[in-house]
Amino acid sequence: MAENKTQPTAVDPTGFIAAVENPARRADAEVLDKMFRRITGWQPRMWGPSLIGYGAYHYTYDSGRSGDMLATGFSPRKANLVLYIMPGYAEFGHILDRLGKHKLGKSCLYINKLADVNMDVVEDIVRAGLDDLGQRWPVTPT
């Protein structure tokens with residue numbers, strides 16, 4: 001089976017955030033980094049060229065496919081901030097209803113800027129995602 005395209009790298013997450021061109025996006029990324037560190041108690045690690053991850057987990061699907069992935073994290077993309085909650089947001093509607101302006105992907109939460117959302121709710125979502133993930137797969141700190 002093919003390996004995951006998203007793998008941990010040796011890139012320094014702090015340096016990556018410092019290099020974000022848009023000053024508002026960079027400031028939001030700094031806030032998110034502090035928040036994720038505080039909530040998880042873990043150090044960030046880069047996954048692929050642009051994902052800042054906190055913790056990791058190993059999964060094996062019924063199909064036999066297995067791999068490692070970040071437990072939670074974010075990416076300060078040019079178009080928006082993307083928060084990663086593994087394995088997804090299926091049961092978080094009651095929390096997301098209180099968030100503010102956002103869009104969803106399967107395991108991605110898209111936010112234009114942190115000023116558009118309630119940060120207390122962002123924290124609730126990250127915690128709920130980690131709790132949910134921990135019930136499915138063992139999560140290891142980074």
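User: In this predicted model, which residue of E6 stands opposite Val 82?

Analyst: The model is predicted. Strand E4 covers residues 81-85 and strand E6 covers residues 108-111, and the two pair in the antiparallel sense over 4 bridges. Within E6, the residue opposite Val 82 is Tyr 110.

User: What is the bridge partner of Leu 104 in E6?

Analyst: Strand E5 (residues 103-104) is joined to E6 by 2 bridges, and these strands run antiparallel. A hairpin of 3 residues connects E5 to E6. The partner of Leu 104 in E6 is Leu 109.

User: Which helix gives the most residues to the largest nonpolar core?

Analyst: The largest nonpolar core has 42 residues, and those touching the most other members are Leu 32, Phe 36, Phe 74, Leu 83, Leu 99 and Ile 125. The helix that gives the most to this core spans residues 119-136 and supplies 7 residues; it is helix H4.

User: Which residues does Leu 32 touch, leaving out those up to four places away in sequence?

Analyst: Leu 32 is one of the residues that touch the most other members of the largest nonpolar core. In soluble globular proteins, nonpolar side chains tend to be buried together. With residues up to four places away left out, Leu 32 touches Phe 74, Leu 81, Leu 83, Leu 114 and Met 119.

User: How are the rings of Phe 36 and Tyr 54 arranged, stacked or edge-to-face?

Analyst: The whole structure holds 4 aromatic pairs. In the pair of Phe 36 and Tyr 54, the ring centres are 5.0 Å apart and the planes differ by 10 degrees. Planes under 30 degrees apart count as stacked, so the pair of Phe 36 and Tyr 54 is stacked.

User: How many residues apart in sequence are the parts that the pair of Phe 36 and Tyr 54 ties together?

Analyst: Phe 36 belongs to helix H2 (residues 23-40), while Tyr 54 belongs to strand E2 (residues 51-60). Both Phe 36 and Tyr 54 are buried. Because one ring lies in the helix and the other in the strand, the pair ties together parts whose separation in sequence is 18 residues.

User: Which residue joins Phe 36 and Tyr 54 in a cluster linked by ring pairs?

Analyst: Phe 36 and Tyr 54 form a stacked pair. Ring pairs link these two residues into a cluster with Phe 74.

User: What is the arrangement of the rings of Tyr 57 and Tyr 59?

Analyst: Tyr 57 and Tyr 59 are both buried. Their ring centres are 5.9 Å apart and their planes stand at 50 degrees, so the pair is tilted.

User: Arg 38 and Glu 123 meet in a salt bridge; which of the two is buried?

Analyst: The closest approach in this salt bridge, N to O, is 2.6 Å. Arg 38 lies in helix H2 and Glu 123 in helix H4, so the pair ties together parts that are 85 residues apart in sequence. Arg 38 has a relative accessible area of 51% and is exposed. At 14%, the buried partner is Glu 123.

User: Which residue is linked with Arg 38 and Glu 123 in a network of salt bridges?

Analyst: The whole structure has 6 salt bridges, and one of them is between Arg 38 and Glu 123. The residue linked with these two in a network is Arg 127.

User: Where does Arg 98 lie, given its salt bridge with Asp 124?

Analyst: The side chains of Arg 98 and Asp 124 meet at 3.4 Å, N to O. Arg 98 is partly exposed at 45% relative accessibility, and Asp 124 is partly exposed at 30%. Asp 124 is in helix H4, so the pair ties together parts 26 residues apart in sequence, with Arg 98 in the loop between helix H3 (93-96) and E5.

User: About how many helical turns separate Asp 132 and Arg 136?

Analyst: Asp 132 forms a salt bridge with Arg 136, with the closest N and O atoms 3.1 Å apart. Asp 132 is buried at 14% relative accessibility, whereas Arg 136 is partly exposed at 44%. Because the two are 4 residues apart in helix H4, their separation is about one helical turn.

User: Which residues are in contact with Val 11, leaving aside neighbours within four places in sequence?

Analyst: Val 11 is in the segment before helix H1 (13-18) and is partly exposed at 44% relative accessibility. Apart from neighbours within four places in sequence, the contacts of Val 11 are Phe 16 and Met 46.

Key
Residues numbered from 1 in each chain as written. Predicted model: local features only at pLDDT ≥ 70, side-chain atom pairs only at ≥ 80, totals over all residues. Heavy atoms only, no water. Pairing = 2+ DSSP bridges. Buried < 20%, exposed > 50% of the residue type's maximum accessible area, 1.4 Å probe, protein only. Contact = heavy atoms within 4.5 Å. Core = buried A, V, L, I, M, F, W, Y, C linked by side-chain atoms within 4.5 Å. Phe/Tyr/Trp six-rings, centres within 6.5 Å; stacked < 30°, edge-to-face > 60°. Salt bridge = Lys/Arg side-chain N within 4 Å of Asp/Glu carboxyl O.
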